[in-house]
Amino acid sequence: MGLLSFRFRRPVNVGRKSAVTSMLGAFALVVFLVTVFILTAVNRITDHTNNLDEQRSRATTSGAVRTFQDQLHATLNDYAAWDDAANFVYAPDGQDWIISNFGDMTVNSDLFDVAMLLDTHRNVLMAYQDGHPVDWAPGDYFDSSLWTLFDKAQSAGPESVPEAIGFIATSKGVSAIGVALIREKSGAIDVSPENRRYLVFARHLNDEKVAALGETYVIGGLHFVGADEALPNAVEIRNVHGRLLAKLGWTPRKPGDISYLQVRSLVYSAVAMVGLFFLLLLVAGTNTLNRLKADEASARRLAMTDRLSGLLNRTGFFMALDDMVEEGARSGQSVTMLYLDLDGFKEVNDAYGHGTGDTLIRSVAAGLRILVGDGAVLARVGGDEFAIAVLSDDPGRETAMLCERILGFFEEPFTIGERVAVIGTSIGIAISERGSVNGGELVRRADMAMYRAKDSGRSRFEYYTPDMDAEREERHRLEIDLRIAIERQELTVVYQPVVSAQDGRIVGVEALARWNRRGYGAVSPDVFIPIAETSGLIDQLGLFVLHRACETVKRWPGFKLSVNISPGQFRDPAFPQNVAYVLRQTKASPADITLEMTEGYFIQNADRAKTSMAGLRRLGVHIALDDFGAGFSSVGYLRQFGFDRMKIDKSLIHALDQERSAVDLLHATVALARSLDIPVTAEGVETDAQVLQLRLTGCDQLQGYLFGQPMSADDIDSVFRRDERRAIFSLR
């Protein structure tokens, strides 16, 4: 009672621990977020305060530069819009006045240090710098923006002030410069445009003046920015053309940082306390997290592992294959995939039971694990299907050697308890050169190659080739067309005569399906019957042939009708009911109908075969064992199932003309059937000598091209009407 209670309490305790852990986690998250918010707020206040100061410094510096320029502009306006200047500048004897009032004023002047007087054609009438006349040309000393300003002042309209101001590059550095028309203070001028004069003032901005601006406007460390100096904030000085002349920078005061220093100790203390708290949480939660990770990793491994074999399952294999393809693309190696399907496993599983089958799967997995080694990916991807992926530099040689080892491994029988099982494997191979083919496509190609190996004889390996895609596409188109043909009832039924071995008269016919594919012509039954089997169309096709044949055979009273039944039809539990429905619809006599089946299905599914045969016999139809001698030819199954007729395979009939032992084998086979009271039909009869031999051995019915190829119902009508089933050949 105590153990039972403990088992029921454990989930509750785990639930409480989870709740406490969740609460602690939520609390820790809240504390962490609050701390982050506070630190973020402090940082943002600091940054915002610093940015505001930087913006103020930038605006102040920009204003100082504009004021420097505006001061020059005001000075220029005072000197150019001056009545005395308008009198003396345009007077023939005013040169001394010009030099005294313009040129000499450049000595130690804080207002302007260069003065020029130009005429309308840009000729220099007077040029002084620092109180001395100069001999340089304006175009050499100033940059080209001088003439832009000159043209602007010269082209000013009546409503505009004939002045232009800006910054300019000079041989000495950077200067504010202005150009103005000499005129009266009122703006009036009575001089023709050809004779007008223009006054040019320049005021250089040097290190001393920049420092003075910084002191005046309280901008700490204002200076020219050097070419190798990187500052986040600077004020640019450009000429009227937009060319960069200089940058002014300053030393940021960063009042936010200064304020932050005052509270830094408190912030650090708070962060330390939060850090200690998180450390405690980390120590408490690490063990839980590690356990969760271990459980998650275990669950992930379990989800990707096949429980029966211990190998990777399909999901795990696809993930590992994708990783291997990516690695191949990176390293330049090739990924080789082998797709294995066990041959004969289903027979072992059906014969000995699923327990034996499971043990066999585990044995195969263990053997493959040893064969492929640690560097390969090995998985069980289906009931009896395995997949191997290998990364290598030389896939051709290594793959062939691995396949040979695997095939050699399956050549030995498996001992399972007291039983011995013999199985093989068919292997399909696909290669992704340097990871050029993705995992899904690689699996598809290997799967196709595996089916080619199975169709080519089993217990062998095949490499994928592009023509397999073309074959599959053609097979797919055939399947589509066959489905349409069955739905539209475009297939036909032909009938091959079955004659009495005694007198050669027709005693029955075998119904056979034929398909004239629209747009392509006749398709061999050897082609479309297997497609119908694998695509699930065989039920529809078989019932169509049975229905058509049962309708037609009523035209030939006394004829027996044989119809082939595929294993796919016979597997359907509803098959006896389907046959009963056809008989009711066609009103055919069940006693005249024989259903022919091959022995393979009876061997593989003995119990289900007995059940189906019992249902068919209750309908009154007969059941024949077809193609006897081409497969197992088990005497035990002949006795167990009690067939109504045996049909000897044509391979045994054709051997009569080539092997003496074939005659003895034929005698033994017919004798076996007669001892079990089973009548015998021989198929594939083509010569008179075969007829004679078959009559001597005791076959009661014959069938083959010697008596007629499969023919239409109308042709059978003609034979039937001719002399009331007269023998269609003469027995010698």
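Okay, let's start at helix 24, residues 713-721: its buried residues are A713, I716, D717, V719 and F720. Buried here means under 20% relative accessible area, and exposed means over 50%, with a 1.4 Å probe and protein chains only. Those buried residues cover an arc of only 165° around the axis, so they sit on the same side of helix 24; the arc is taken from the directions from the helix axis to the C-beta atoms. Turned away from that side, you'll find exposed D714 and R721.

Quick word on where this comes from: it's a predicted model, where local features need pLDDT of at least 70 and side-chain atom pairs count only at pLDDT 80 or more, while totals for chains, interfaces and linings use all residues. Residues are numbered from 1 along each chain, and side-chain values use heavy atoms, leaving out hydrogens and water.

So what covers the buried residues of helix 24? The cover includes strand 17 (492-500), strand 18 (506-517) and helix 15. Helices (H or I, at least four residues) and strands (E, at least two) are DSSP runs, numbered from the N terminus.

Now, the core. The largest nonpolar core has 76 residues, and L595 and L702 have the most contacts inside it. A core like this is a set of buried Ala, Val, Leu, Ile, Met, Phe, Trp, Tyr and Cys residues joined through side-chain atoms within 4.5 Å. Helix 15, residues 538-553, gives the most to this core, with eight residues. There's also a second, separate core of 36 residues, including A64, V65, F68 and M126.

Back to L702: among the residues that L702 touches are P497, V498 and F707, with contact meaning heavy atoms within 4.5 Å.

Key:
Lists of a residue's contacts leave out its neighbours within four places in sequence.
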